[in-house]
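Biologist: Please take a close look at the surroundings of the ligand. I should like one connected account of what encloses the ligand and how the ligand is contacted.

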Amino acid sequence: MSVGNDGTDRVAEASATAPGRVLVVGASAAGLATVEALRRKGYEGAITVLGDEPHAPYDRPPLSKQVLSGAWEPGRAALRTAAALTALDAAFVLGDAAVGLDTATRTVRTRAGRELTADAVVIATGVRPRTLPGSAGLWGVHVLRSLDDALALRAALVPTARLVVVGEGVLGSEIAATARTLGLDVTLAGPLDAPMALQVGPVVSAALAGLHRENGVRLRFGAGVAGVTGTAGVAGTAGEHGRVTGVRLAGGEVLPADVVVVAIGAVPATEWLADSGLGLDNGVVCDSRCRAADGIYAVGDVARFHHEHLGRAVRLENRTNATEQAAAVAGTILGEDRPYVPVPYFWTDQFDAKLQIHGVIPAGAEIEVVEGDLAARRFVARFTHAGAVTGVLGWNMPKQTRLRRQDVVDAFPVTALAH
Ligand SMILES: Cc1cc2nc3c(=O)[nH]c(=O)nc-3n(C[C@H](O)[C@H](O)[C@H](O)COP(=O)(O)OP(=O)(O)OC[C@H]3O[C@@H](n4cnc5c(N)ncnc54)[C@H](O)[C@@H]3O)c2cc1C
């Protein structure tokens, strides 16, 4: 028996409704945080964590920053030490993928032939990167989601290489910045007018475009990408798949490239749930308690939950959500009955800029700089839509940004944030 920090008897609380066995599928940020939250809340039952990657849980944000640049050795991205994982008293089954779920019996089948049955199953399988048609198997074409992806890309980023990053969203913009600091010839390409235009609105994305341009990134915006070009492969040799030579834009123009990174978004990793009967619609469809079916829950990037304050289904692909939603799911498993109503938050690091975004910035939102100076690239901006504050964005002003988050919180419960 253990006693919580506030003096309450946590085990007694948890055991009244707690399931005997919990199975978490997906051994990354959200899966690990679920296990930690269960233990923190006093759950003492059996926990199994199934992950398809061979690695112990590691963090993804450093992959496009410190790991890609070489500033960190890969081991630094580990989320916990071996001792901390052992202390969780959970069985980690790594290097084996879930291939099916029987919802009625809560049994997960794995690629290696295991059958894992539990009283509560938590789906934490995240997302997988979209790829460009025709690029499969071509040497020099990369995506960036996993540690292995980051190491393969890092090995390809030699200073003489011409890199084209396809996709001007958060990930593509970060990769372009990191590669440029390594001295590569970098082109960032995509259909919008500026980096992260969809996430931060026209004023801040124009400032980001300026930052990239000043640092020597070539910007090729306003054109869709049709595919990649490459050499023909030679059957039976190491070069049998051919090598990428460029990126072809929709109008026919080809951007020459030795290395291409495709960063055009990601799709929820739900293929293994196709026959499960669960609602699958751009993620695992859940109620406001992150419950997909009786005894089955979803958490992190893969979960599409009903957000009661926003009044619609939401799927959040950010690191903070993985941890916060895990605490909510652990609570639901242990019998709490509280909706999950987060204020979305993400950050990005590009060159010397750290951007932090609380809430959302809908198309057409009005921007007002409330602290600092946009031209000096040190400011906090507040975004208003239909008369209500919907988001706060800070650029190299972390303390002030955190304080201003309250403006979003105050407006949050009464605002329908269309995105
Ligand atoms: C390169 C990169 C940089 C990022 N930078 C930022 C940032 O700066 N700020 C920010 O807020 N967010 C950032 N993110 C997003 C953040 O990392 C994610 O939101 C977070 O990792 C989500 O955690 P998750 O556990 O839900 O999913 P994931 O981290 O994707 O983990 C899911 C795990 O499940 C495994 N899996 C999938 N299918 C199966 C299966 N069938 N069986 C077993 N296991 C399976 C996957 O291999 C993976 O290990 C970044 C993401 C990436 C990729």
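Modeller: In this predicted model, the shell around the ligand takes at least three residues from domain 1 (21-128 + 267-334) and at least three from domain 2 (131-264). The shell comprises 34 residues, and the closest of these are Asp52, Glu53, Arg60, Lys65 and Asp301. By residue class, the shell around the ligand contains 16 nonpolar, 8 polar and 10 charged residues.

Individual polar contacts can be described next. Aspartate 52, one of the closest residues, has a polar side-chain atom placed 2.5 Å from an oxygen atom of the ligand. For arginine 128, an N or O atom of the side chain is 2.9 Å from a nitrogen atom of the ligand. In the case of arginine 145, a side-chain N or O atom lies 2.7 Å from an oxygen atom of the ligand. As for enclosure, the ligand taken alone exposes 1000 Å², of which the protein buries 94%. Several elements each give two or more residues to this shell: helix 2 (29-40), helix 6 (170-181) and helix 8 among the helices, and strand 2 (46-51), strand 8 (127-129) and strand 23 (345-350) among the strands.

Helix 8 also leads to a second feature. Spanning residues 319-333, helix 8 gives the most to the lining of the largest cavity, contributing 3 residues. A search of the whole structure yields 1 cavity of 30 Å³ or more, and the space in the largest cavity is about 30 Å³. The lining of the largest cavity is formed by Leu316, Asn318, Thr320, Asn321, Glu324, Pro342, Val343, Pro344 and Tyr345. These lining residues divide into 5 nonpolar, 3 polar and 1 charged. Strand 23 (345-350), which gives two or more residues to the shell around the ligand, begins at a position that also appears in the cavity lining, Tyr345.

Key:
Residues numbered from 1 in each chain as written. Predicted model: local features only at pLDDT ≥ 70, side-chain atom pairs only at ≥ 80, totals over all residues. Heavy atoms only, no water. 1 Å grid on protein atoms, 1.4 Å probe; cavity = no way out; pocket = protein on both sides within 12 Å on 5 of 7 lines; lining within 4 Å. Points joined across faces, edges and corners; volume = space filled by probe spheres on them. Helix = DSSP H or I, 4+ residues; strand = E, 2+ residues; numbered from the N terminus. Nonpolar A, V, L, I, M, F, W, Y, C, P; charged D, E, K, R; others polar. Near = heavy atom within 4 Å. Polar contact = N/O pair within 3.5 Å; in protein donor to acceptor, adjacent residues only side chain to side chain. Areas by Shrake-Rupley, 256 points an atom, 1.4 Å probe, with all protein chains shown as cover. Domains from an automatic or database assignment.
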